[in-house]
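Visitor: I'm new to reading protein structures. Could you choose one part of this one and take me through it slowly, then show me what else is worth finding?

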Amino acid sequence: MVNRMWAVCVVVLALNLGCNIGARAAPQVPCYFIFGDSLVDNGNNNQLQSLARADYLPYGIDFGGPTGRFSNGKTTVDVVAELLGFDDYIPPYATARGQDILKGVNFASAAAGIREETGRQLGGRITFSGQVKNYQNVVSQVVNILGDEDQAANYLSKCIYSVGLGSNDYLNNYFMPQFYSTGNQFTPEEYATSLIQDYSQQLRILYNYGARKIVLFGIGQIGCSPNELAQNSPDGASCVDKINSANQIFNSKLKALANEFNTNLSDARVIFVDSYGIFQDVVTSPAQYGKYKG
Ligand SMILES: *[C@@H]1O[C@H](CO)[C@@H](O)[C@H](O)[C@H]1NC(C)=O
């Protein structure tokens, strides 16, 4: 139920209507763990040698200054943390210390993908498997703080796990033939199958290390991203169909994976968030969202 309310809030948020839950009450869940890429990175890349960094202006101009977020202001997970009732944003793994970790940790890293090589041309990044290793390290700290593994497992089973990767496996891998050969090695169908297989193995590790409430974000319309519009759109304005259709294959397999986890792991609850569909009308009629400029 909490999960469902949360999903509704995300949809409402995307529609820019707000979701009015007080920020001062006790949070609805004790902890919130975040895995992902530049859409939700909040400072993990700041100490890396990487072109994928956002710790300088104009990033953060509406946030009080740059933090490493790839945004003028808050990210989706910042707003979700507020909606869940947390007093603070979830700290980045790079700086989270001591008891902080009990509220959750943000492991996201810009340029990261499901595949190890994804984003390599941009420099350092923490791939999904690296983020999962960092999570395992955090779990051993939780065990130390709470006293034993049973207490830790019980505690972690109440946390929300937000996981969103895959965009860079298309943007900064499959559709970047000057740096990567995957585009020649795999059909879009084969590539999505391979990504989902790798993703599934890492997600299984999260489950084995305590995750029970998992939110899987699908990928958005990468064929409509400014980078692709500039480089691969025939007129600079219409979306690149070949990319969007590959993204949809990935999303439908991810949705099926969520269902499979729900069937196989009866004590887990996995939700698929249709990011592609949520933002469809942003792409087709951006004007209703005010400042957006395509
Ligand atoms: C679910 O169980 C089936 C049957 O044992 C197995 O083939 C499949 O790989 C499992 N899926 C996941 C995501 O664990």
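**A close look around helix H2**

Guide: Let's begin with a pair of side chains: Lys 74 and Glu 82 form a salt bridge, with their closest N and O atoms 3.1 Å apart. Before you zoom in, keep in mind that this is a predicted model. The idea behind such a pair is simple: side chains of opposite charge can pair when their charged atoms come close. Now ask how much of each partner is open to the outside. Lys 74 has a relative accessibility of 43%, so this residue counts as partly exposed. Glu 82 has a relative accessible area of 25% and is also partly exposed. Both values fall in between the two limits, because buried means under 20% and exposed means over 50%.

Now compare that with another pair in the model. Asp 78 and Arg 69 also join their side chains in a salt bridge, at 2.7 Å from N to O. Here both Asp 78 and Arg 69 are buried. So you have one salt bridge between buried residues, while in the other Lys 74 is partly exposed and Glu 82 is partly exposed as well. In total, the structure holds six salt bridges.

Asp 78 takes us into helix H2, where Asp 78 is one of the buried residues. Helix H2 covers residues 76-84, and seven of its nine residues are buried, so this helix is largely enclosed by the rest of the structure. Besides Asp 78, the buried residues of H2 are Val 77, Val 79, Val 80, Ala 81, Leu 83 and Leu 84. Try clicking on Val 77, which sits in helix H2. With a relative accessibility of 5%, Val 77 counts as buried because the limit for that label is under 20%. Next, find Tyr 89: along the sequence Val 77 and Tyr 89 are twelve residues apart, and in space their C-alpha atoms are 8.4 Å apart. Between those two, just after H2, there is a detail of the backbone to look at: Gly 85 takes a positive phi of about 100 degrees.

Let's follow the chain away from H2 in both directions. On the side before the helix, Pro 58 lies in the loop between strand S1 (32-36) and H2. The peptide bond that leads from Leu 57 to Pro 58 is cis, and its omega is near 10 degrees. On the side after the helix, a loop runs between H2 and helix H3 (128-146), and Ala 111 is found there. Ala 111 is not a glycine, yet this residue has a positive phi of about 80 degrees. Ala 111 counts as buried, since its relative accessibility is 4%. Phe 107 is found in that loop between H2 and H3 too. At 1% relative accessibility, Phe 107 counts as buried. Phe 107 and Gln 131 are 24 residues apart along the chain, but a separation of 5.6 Å is what you find between their C-alpha atoms.

With H2 and its loops in view, here are some other places to visit. In one more salt bridge, the side chains of Lys 253 and Glu 189 meet at 2.7 Å, N to O. This pair links distant parts of the chain, with Lys 253 in helix H9 (residues 241-264) and Glu 189 in helix H7 (residues 188-208), 64 residues apart. Lys 253 counts as partly exposed, at 23% relative accessibility. Glu 189 is partly exposed too, with a relative accessible area of 42%.

Then look for the ligand, which is surrounded by Arg 204, Leu 257, Glu 260, Phe 261 and Asn 264. From the side chain of Arg 204, an N or O atom is 2.9 Å from an oxygen atom of the ligand. From Glu 260, a polar side-chain atom lies 2.6 Å from a nitrogen atom of the ligand. From Asn 264, an N or O atom of the side chain is 2.3 Å from an oxygen atom of the ligand.

Our last stop is the second largest pocket, with a volume of about 230 Å³. This pocket is lined by 15 residues, and those closest to its centre are Tyr 174, Phe 175, Met 176, Pro 177 and Asn 232. Helix H8 (226-232) is among the helices that supply at least two residues of the lining. H8 gives the most to that lining, with four residues. Sorted by kind, the lining has six nonpolar, seven polar and two charged residues.

Terms used:
Residues are numbered from 1 along each chain as its sequence is written. This is a predicted model: local features need pLDDT of at least 70, side-chain atom pairs count only at pLDDT 80 or more; totals for chains, interfaces and linings use all residues. Side-chain values use heavy atoms; hydrogens and water are left out. A salt bridge is a side-chain nitrogen of Lys or Arg within 4 Å of a carboxyl oxygen of Asp or Glu. Buried means under 20% relative accessible area, exposed over 50%, partly exposed in between (1.4 Å probe, protein chains only). On a 1 Å grid over the protein atoms alone, a cavity is a set of points where a 1.4 Å probe fits but cannot get out, and a pocket is an open set with protein on both sides within 12 Å along at least five of seven lines; lining residues have an atom within 4 Å of a point. Grid points are joined across faces, edges and corners, and a volume is the space filled by probe spheres set on the points. Ala, Val, Leu, Ile, Met, Phe, Trp, Tyr, Cys and Pro count as nonpolar, Asp, Glu, Lys and Arg as charged, and the others, Gly among them, as polar. A residue is near a molecule or strand if one of its heavy atoms lies within 4 Å of it. A polar contact is a pair of N or O atoms within 3.5 Å; within protein, one must be able to donate a hydrogen and the other to accept it, and residues adjacent in sequence count only if both atoms are side-chain atoms.
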